Amino acid sequence: MRLARTRRTLITALFAPLALIATTTAAHAAPVSAHQPVRHAPGETITLPVRDALAALTVADESRAGYSRDKFKHWTDADKNGCNTRAEVLLSEAVTAPEVGPKCTLTGGSWYSPYDDRYLDSASKLDVDHLVPLAEAWDSGASAWTAKEREAYANDLDDARALIAVSAASNRSKADKDPTEWLPPYAPYWCEYVTNWVADKTRYQLSVDPAEHNALTERLAACPDQPITVTYAH
């Protein structure tokens, strides 16, 4: 009995340093990410609070290498009705409907630009903005898409948040900036803007860079954590 106990004591003494080394190594090993992004199938629809949607996005550095606006074919006429994507958005968002002439020329009408809280009385005074700019989409995942996938993104009429009619001045001040560099001049629209930004990035399973993630987190902290419903397009 005493011999067996002594043997156990010796074995414990022998392996204790090894256990200590294993514990120490584990403590200093590279941490395993708690967030493993889940890829969703196109056509799948989810509803979740916008802050949870932001938390689910992949955070990664971005690269604009190889970008050209020409790699996103637009504006197309997908349904062959004579009106291209730009005209379809203008018709959909008009406060007062314009007259539609030959080749979908729009005359009259009025529109509201939420970026700068302005009403405009001519289609020529408006731009149709890609909420998440084409260059930003390229940076955060679209560079790996096919030409047809990028064309679908650039002409997305299936989600009203993707394309928006706004004053040409506000759109051109935005250019290809993300929310770290630009927010609409009209501050009461900020919450809707960043919420829709997250929805659009979710729809296309695009990444956000660390600075963008921090800016969105900060802005959304001051906004209602409203549910967003998104149908995945990519």
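Let's start where helix α7 meets helix α8 in this predicted model. On the α7 side, the residues that make the contact are Trp-190, Val-194, Thr-195, Trp-197, Val-198 and Lys-201, and on the α8 side they are Glu-212, Leu-216, Arg-219 and Leu-220. Sort the residues of this contact by character and you get six nonpolar, one polar and three charged.

Now look at how the two helices are arranged. Helix α7 covers residues 190-203 and helix α8 covers residues 210-221. Their axes come within 10 Å and cross at roughly 135 degrees. An angle over 145 degrees would count as roughly antiparallel, and 65 to 115 as roughly perpendicular; α7 and α8 are therefore oblique to each other. As for the handedness, α7 passes α8 in a left-handed crossing.

Next, turn to the empty space. Rolling a probe the size of a water molecule over the atoms is a way to see where such space is left. The largest pocket here holds about 310 Å³. It is lined by 21 residues, and the closest to its centre are Ala-152, Asn-155, Asp-156, Leu-157 and Asp-158. Which elements give two or more residues to this lining? They are α3, residues 85-93, and α5, residues 147-154. Helix α5 gives the most, with four residues. By character, the lining of the largest pocket splits into eight nonpolar, five polar and eight charged residues.

Finally, a couple of spots in the backbone deserve a look. One is the link between His-74 and Trp-75, which is a cis peptide bond with an omega of about -10 degrees. You'll find Trp-75 in the loop that runs between α2 (50-56) and α3, and α3 is one of the elements that also help line the largest pocket. The other spot is Lys-103, which sits in the loop between β2 (99-100) and β3 (106-107). Lys-103 isn't a glycine, yet its phi is positive, at about 60 degrees.

How values were computed
Residues are numbered from 1 along each chain as its sequence is written. This is a predicted model: local features need pLDDT of at least 70, side-chain atom pairs count only at pLDDT 80 or more; totals for chains, interfaces and linings use all residues. Side-chain values use heavy atoms; hydrogens and water are left out. On a 1 Å grid over the protein atoms alone, a cavity is a set of points where a 1.4 Å probe fits but cannot get out, and a pocket is an open set with protein on both sides within 12 Å along at least five of seven lines; lining residues have an atom within 4 Å of a point. Grid points are joined across faces, edges and corners, and a volume is the space filled by probe spheres set on the points. Ala, Val, Leu, Ile, Met, Phe, Trp, Tyr, Cys and Pro count as nonpolar, Asp, Glu, Lys and Arg as charged, and the others, Gly among them, as polar. Axes are lines fitted to C-alpha atoms, for helices over the stretch in contact, and angles run from 0 to 180 degrees between N-to-C directions. Angles under 35 degrees count as roughly parallel, over 145 as roughly antiparallel, 65 to 115 as roughly perpendicular and the rest as oblique. A crossing is left-handed if the near helix is turned anticlockwise from the far one by less than a right angle, and right-handed if clockwise. Contact means heavy atoms within 4.5 Å.
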